[in-house]
Amino acid sequence: MVIGYIRVSTEQQDVRNQQHEILEYANQHKLHVDRFIKREISSRKDLKARGIEELLGSLKKGDTLVVSELSRLGRSIIEVISVINELVKRKVRFISIKQHLDIKGNHDVQSKVMVTIFSLLAELERDLISERTKKALAAKKAQGVALGRPRGSIGKSKLDSKLPEIVDLLRDRASCSFMARRFKVSRPTIVNFIRTRKLKAAD
């Protein structure tokens, strides 16, 4: 099966342009596109929202995936490589028209070389992101900007959703040990939650 994946992130971009490009490529290379998966959604959305999870779930060994360009798959090199590695693992052929990329998905020499190169690029991007983050934090620190959580602020807790029930239990004079067992957390976690939310003096 040959699947074309199309994603546009703005109203100005036209789904039909990508579809035409894929169909034209398929015609030139004697491929028949059996199905299109189309999404009109920003690349900032997660993989599920962009239909990538649905896409990967529908592909089987021997299938072919065609996109107009690599950027349709992800919002970063790391994300694109992750998807391509998954395709290779599933032995799915992957074609990106703009980049003249054709990874057979059968672990041949070309596929291995391309995946290795992509992995190196993904590692490079991680290093660059880390370096930029460190420089940005150092610059803020040099400017006297306080980093980290403001002193005295309350962080999120997995018990936040249990707040009404904890209030009721406290009203019934339930012990912290009992609540720790009930919510499957440690007693200090319960004590700290009650203290920071100022619900009641911990027993």
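Which residues does leucine 55 touch, not counting residues up to four places away in sequence? In this predicted model, leucine 55 is in contact with Ile3, Tyr5, Ile37 and Leu65, when residues up to four places away in sequence are left out of the count.

**Overall architecture and cores**

The secondary structure of the chain consists of seven helices and five strands, and from the N terminus on these elements follow the order β-α-β-α-β-α-β-β-α-α-α-α. Of the 203 residues of the chain, 35% count as buried, and among contacts between residues at least 6 apart in sequence, 59% join residues at least 24 apart.

The largest nonpolar core has 20 residues, of which Tyr5, Leu55, Leu65, Leu73, Ile84, Leu87 and Phe94 touch the most other members. Two or more residues are given to this core by each of strand 1 (2–8), helix 2 (52–58), strand 3, helix 3 and strand 5 (101–103), and the largest share, five residues, comes from helix 3. Apart from this core lies another one, of 14 residues, among them Leu170, Cys176, Ala180 and Ile190.

**Helices 5 and 6**

In helix 5 (163–171), the residues Ile166, Leu169 and Leu170 are buried. They lie on the same side of helix 5, because they cover an arc of only 100° around the axis. The face of helix 5 turned away from that buried side carries the exposed residues Pro164 and Arg171, while the buried residues of helix 5 pack against helix 6 and helix 7. Helix 5 is followed by arginine 173, whose phi is positive, near 65°.

Helix 6 (residues 176–183) has Cys176, Met179, Ala180 and Phe183 as its buried residues. These cover an arc of only 105° around the axis, and therefore they sit on the same side of helix 6. An α-helix has 3.6 residues a turn, so residues three or four places apart point the same way. The packing partners of the buried residues of helix 6 are helix 5 and helix 7 (187–196). Just after helix 6, lysine 184 takes a positive phi of about 60°.

**Polar side chains around arginine 7 and arginine 72**

Arginine 72 is placed in the loop between strand 3 (64–67) and helix 3 (77–89). Its side chain is buried yet has no salt bridge, and the nearest side chain of opposite charge, that of glutamate 69, is 4.6 Å away. The cut-off for a salt bridge is 4 Å between a side-chain nitrogen of Lys or Arg and a carboxyl oxygen of Asp or Glu. Other polar groups do approach this side chain: a polar atom of the side chain of arginine 72 lies 2.6 Å from the backbone oxygen of arginine 7, and the side chain of serine 71 makes a polar contact with the side chain of arginine 72 at 3.2 Å.

The backbone oxygen of arginine 7 also lies 2.8 Å from a polar atom of the side chain of glutamine 18. Glutamine 18 belongs to helix 1 (residues 15–28) and counts as buried because its relative accessibility is 8%. Its contacts, not counting residues up to four places away in sequence, are with Tyr5, Ile6, Arg7, Val8, Ser68 and Arg72.

**Salt bridges**

Side chains of opposite charge can pair when their charged atoms come close. The structure holds eight salt bridges, including those in the table.

| Residue | Partner | Closest N to O distance |
|---|---|---|
| Glutamate 69 | Lysine 98 | 4.0 Å |
| Arginine 93 | Aspartate 102 | 2.6 Å |
| Lysine 104 | Aspartate 102 | 3.3 Å |

The salt bridge of glutamate 69 with lysine 98 links distant parts of the chain, with glutamate 69 in the loop between strand 3 and helix 3, lysine 98 in the loop between strand 4 (93–96) and strand 5, and their positions 29 residues apart. Glutamate 69 counts as partly exposed, at 23% relative accessibility, whereas lysine 98 is exposed, with a relative accessible area of 54%.

Aspartate 102 is buried, with a relative accessible area of 16%. Of its partners in the table, arginine 93 is partly exposed at a relative accessible area of 23%, and lysine 104 is partly exposed at 34%. Salt bridges that share partners also join Glu86, Lys89 and Arg90 into one network.

Notes:
Residues numbered from 1 in each chain as written. Predicted model: local features only at pLDDT ≥ 70, side-chain atom pairs only at ≥ 80, totals over all residues. Heavy atoms only, no water. Helix = DSSP H or I, 4+ residues; strand = E, 2+ residues; numbered from the N terminus. Buried < 20%, exposed > 50% of the residue type's maximum accessible area, 1.4 Å probe, protein only. Lys, Arg positive; Asp, Glu negative; His and termini not counted. Polar contact = N/O pair within 3.5 Å; in protein donor to acceptor, adjacent residues only side chain to side chain. Core = buried A, V, L, I, M, F, W, Y, C linked by side-chain atoms within 4.5 Å. Contact = heavy atoms within 4.5 Å. Arc of directions from axis to C-beta.
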